Amino acid sequence: MTVRPPMEARPRTVGERFDLDGAWAVHPQVAVRPEPFGALLYHFGTRQLSFLKDRRLLTVVQALAEHPRAADACRVTGVGPAELRRYQAALAKLAESQMIIERTGPAQRGDAHRRGEEAV
């Protein structure tokens, strides 16, 4: 018989480590370029390139700066409860690569949208 350790003793997955209750935004050194397949994100500081292969994930990323919690950005862009873990894992990977960062100030309307328009 296999005994699983209690939830708090188990290592958390990448997605579980991402705080959906936190305030997040695209890193100031990241350019977002929308594409038909999703988007390209380029971090000028780390020179790293990321591909978003999901248009709704792009919408979530752009909405992060406009909402007090990442969960709110997911909800208003149509991410349902059944899909939330998948989006949480994707946001966690973007946070690990510093494409998105935790925000300390208030949500700022339009920041993510303007960043998309200014992309290289």
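**Exercise 1. Place Lys93 in this predicted model and decide whether Lys93 is buried or exposed.**

Solution. The first step is to find the element: Lys93 belongs to helix 4. The second step is to read the accessibility, which is 56% in relative terms for Lys93. Exposed residues are those over 50%, so Lys93 counts as exposed. A final step relates Lys93 to another part of the chain: its C-alpha atom is separated by 9.9 Å from that of Ser50, although these positions lie 43 residues apart in the numbering of the chain.

**Exercise 2. Determine in which order the strands of the open sheet are arranged, and which strands form its edges.**

Solution. The sheet consists of three strands in the order 2-3-4, with antiparallel pairing. Strand 2 (30–35) and strand 4 (48–52) each pair on one side only, and these two are the edge strands. From one strand to the next, the twist averages 15°.

The pairing can then be followed strand by strand. Strand 2 and strand 3, the latter covering residues 38–43, are joined in the antiparallel sense over six bridges. Within this pairing, Val30 stands opposite His43, and Glu35 stands opposite Gly38. The two strands form a hairpin with two residues between them.

On the other side, strand 3 runs antiparallel to strand 4, and five bridges join them. Here Leu40 has Phe51 as its bridge partner. Four residues separate the strands of this second hairpin, in which Arg47 takes a positive phi near 60°.

**Exercise 3. Describe how helix 2 begins, which of its residues are buried, and which strands it touches.**

Solution. Begin at the start of helix 2, where a side-chain oxygen of Asp54 comes to within 2.8 Å of the backbone nitrogen of Arg56. Next, list the buried residues of the helix: Leu57, Leu58, Val60, Val61, Gln62 and Ala63. Finally, turn to the sheet. Strand 3 is mostly covered, with five of its six residues buried. Helix 2 (residues 55–63) packs on the sheet and touches strand 2, strand 3 and strand 4, while its direction makes about 145° with that of strand 2.

**Exercise 4. Identify the residues of the largest nonpolar core that touch the most other members, and the element that gives the most to this core.**

Solution. As background, nonpolar side chains tend to be buried together in soluble globular proteins. The largest nonpolar core here has 26 residues, and those touching the most other members are Phe18, Leu41, Leu52, Val61, Leu91, Leu94 and Ile100. At least two residues come from each of strand 1 (24–26), strand 2, strand 3, helix 2, helix 3 (70–76) and helix 4 (84–96). Helix 2 gives the most, with five residues.

Leu41 serves as an example. Leaving aside residues up to four places away in sequence, its contacts are Val30, Ala31, Val32, Gln48, Leu49, Ser50, Leu52, Leu94 and Met99.

**Exercise 5. Explain why the pair of Tyr42 and Phe44 is edge-to-face, and classify the accessibility of both residues.**

Solution. The structure holds three aromatic pairs. In the pair of Tyr42 and Phe44, the ring centres are 4.8 Å apart and the planes stand at 85°. Planes over 60 degrees apart count as edge-to-face, and therefore this pair is edge-to-face.

For accessibility, the range between 20% and 50% is called partly exposed. Tyr42, with a relative accessible area of 27%, is partly exposed. Phe44, at 46% relative accessibility, also counts as partly exposed.

Key. Residues numbered from 1 in each chain as written. Predicted model: local features only at pLDDT ≥ 70, side-chain atom pairs only at ≥ 80, totals over all residues. Heavy atoms only, no water. Phe/Tyr/Trp six-rings, centres within 6.5 Å; stacked < 30°, edge-to-face > 60°. Buried < 20%, exposed > 50% of the residue type's maximum accessible area, 1.4 Å probe, protein only. Pairing = 2+ DSSP bridges. Axes fitted to C-alpha atoms, helices over the stretch in contact; angles between N-to-C directions. Contact = heavy atoms within 4.5 Å. Core = buried A, V, L, I, M, F, W, Y, C linked by side-chain atoms within 4.5 Å. Polar contact = N/O pair within 3.5 Å; in protein donor to acceptor, adjacent residues only side chain to side chain.
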